[in-house]
Amino acid sequence: MDTLTSYLLNNPTALVLVLPIVILVAVVIYILTFPATRPVQSRRADKFHPSRVPSNLDTIVIGSGSGGSTVANLLGQSGQRVLVLEQHSVTGGCTHSFREEGCEWDTGLHYVSKAMSTRTKRAGAIMDFMSQGKQMWTPFPSSAPYDEIVFPEDPHVKEGAPNEWSHKFYDGTETTVRAVLNSIDPDNDELKSRVRTFMDICLDV
C-alpha cells in the first residue's frame with residue numbers, strides 16, 4: 001500500500017486517472033448498501049408506560065395509520081431505532097377492519113389506486129420497498145363498478161342529456177370515462193377531457 005501511495009503521489013497523471021475510478025466505486029457501494037437494513041424485532045403491542053420506552057431511540061412516531069406506519073417503516077429500514085405509539089387497541093388507523101354481527105367492516109380505506117401496485121409509480125415504489133416486494137394486491141373485476149358517487153342533477157347540462165344522479169367508477173381509465181360520460185352527457189368533449197384528467201391524477205397520486 002505504501003508503494004502504491006508513493007507511486008501515485010509521484011505520478012500526478014496516474015493519480016488523475018485512478019481518482020475518478022475510486023470515486024465511482026465508492027458511489028456504487030454507497031448506493032447498493034444504503035439504506036442499511038436491519039433485522040426486524042417483533043414486539044407485542046401493550047399498554048404504554050414510560051419505563052418501557054427505550055433510551056436509545058432515534059425517532060418516535062405518534063399514530064400507526066398509513067402515514068405513521070409508512071414513516072416508521074422507511075426510517076427503520078434506513079437504520080433508525082423507531083418507536084410507534086398508538087392510542088387505539090388496534091394498529092393501522094383507517095386501514096384496519098373489524099367484525100360485528102357476522103359482517104366485516106372497513107374503517108376507512110377499502111381500495112387503492114393502481115399506482116400502489118405499479119412499481120414504476122411513486123406510491124407503488126414506496127410500497128414495494130416497504131414490503132420488500134412481498135405486498136400482493138387483489139384486482140377489482142372489470143365488469144362491476146368498485147365505487148359509485150351520487151350528485152344532484154347539474155342544471156348546466158344540456159337539455160335531453162341523461163344527467164343522472166348516480167355515476168359509477170370501474171377498473172380502467174377509459175371504462176370509467178365512458179361510464180361517467182354516459183351518465184351525464186355522452187357528447188360533451190370538455191367533460192370527457194376533464195374526467196380523463198381526473199383519472200390520470202388519481203393514477204399518479
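1. Overall make-up. The chain has six helices and six strands. From one end of the sequence to the other, these elements follow the order α-α-β-α-β-β-β-α-β-β-α-α. The model is a predicted one, and the points below should be read with that in mind. Of the 205 residues in the chain, 17% are buried. Among contacts with a sequence separation of 6 or more, 38% are between residues 24 or more positions apart.

2. The β3-β4 hairpin. Strand β3 covers residues 97-100 and strand β4 covers residues 103-106; the two run antiparallel and are joined by four bridges. At the turn end, E100 has C103 of β4 as its bridge partner. Two residues separate the strands of this hairpin, and E101, in the turn, has a positive phi of about 55°.

3. Helix α4. This helix spans residues 122-130, and its buried residues are A123, G124, M127 and M130. These four lie on the same side of α4, because they cover an arc of only 130° around its axis. The general rule behind such a pattern is that an α-helix has 3.6 residues a turn, so residues three or four places apart point the same way. What do the buried residues of α4 pack against? They pack against α3, residues 66-77. Just after α4 comes Q132, which takes a positive phi of about 55°.

4. A salt bridge at α4. The side chains of R119 and D128 meet in a salt bridge, with N to O at 3.1 Å. R119 is exposed, at 57% relative accessibility, whereas D128 is partly exposed, with a relative accessible area of 23%. The value for D128 is over the 20% below which a residue would count as buried. This is one of six salt bridges found in a search of the whole structure.

5. The loop between β5 and β6. P152 lies in this loop, which follows β5 (147-150). The residue is exposed, with a relative accessible area of 56%. P152 and W165 are 13 residues apart in sequence, yet their C-alpha atoms are 5.4 Å apart in space. Another residue of the loop, K158, forms a salt bridge with D187 through their side chains, at 3.8 Å from N to O. D187 is in the loop between α5 and α6, so the pair ties together parts of the chain that are 29 residues apart in sequence. K158 is partly exposed at 45% relative accessibility, and D187 is exposed at 59%.

6. Helix α5. T176 is found in this helix, which runs over residues 173-184. Is T176 buried or exposed? T176 is buried, with a relative accessible area of 0%. Leaving aside residues up to four places away in sequence, T176 touches K168, F169, Y170 and M199. The buried residues of α5 are T176 together with V177, A179, V180, L181, S183 and I184. The length of the helix also agrees with expectation: at 1.5 Å a residue its twelve residues should span 16 Å, and its end C-alpha atoms are 17 Å apart.

7. The aromatic pair between β6 and α6. The count of aromatic pairs comes to two. One of them is F169 with F198, an edge-to-face pair with 6.4 Å from centre to centre and 70° between the planes. The pair ties together parts that are 29 residues apart in sequence, because F169 lies in strand β6 (residues 166-169) and F198 in helix α6 (residues 189-204). F169 is buried, at 13% relative accessibility; F198 is partly exposed, with a relative accessible area of 43%. F169 is also among the residues that T176 of α5 touches.

8. A salt bridge within α6. E190 and R194 form a salt bridge in which the closest N and O atoms are 2.7 Å apart. Both residues are in helix α6, four residues apart, and are therefore separated by about one helical turn. R194 is exposed, with a relative accessible area of 58%.

Note on methods. Residues are numbered from 1 along each chain as its sequence is written. This is a predicted model: local features need pLDDT of at least 70, side-chain atom pairs count only at pLDDT 80 or more; totals for chains, interfaces and linings use all residues. Side-chain values use heavy atoms; hydrogens and water are left out. Rings of Phe, Tyr and Trp (its six-membered ring) pair if their centres lie within 6.5 Å; planes under 30 degrees apart count as stacked, over 60 as edge-to-face and the rest as tilted. Buried means under 20% relative accessible area, exposed over 50%, partly exposed in between (1.4 Å probe, protein chains only). Two strands pair if DSSP finds at least two bridges between them. The arc is that of the directions from the helix axis to the C-beta atoms. Contact means heavy atoms within 4.5 Å. The expected span of a helix is 1.5 Å times one less than its number of residues. A salt bridge is a side-chain nitrogen of Lys or Arg within 4 Å of a carboxyl oxygen of Asp or Glu.
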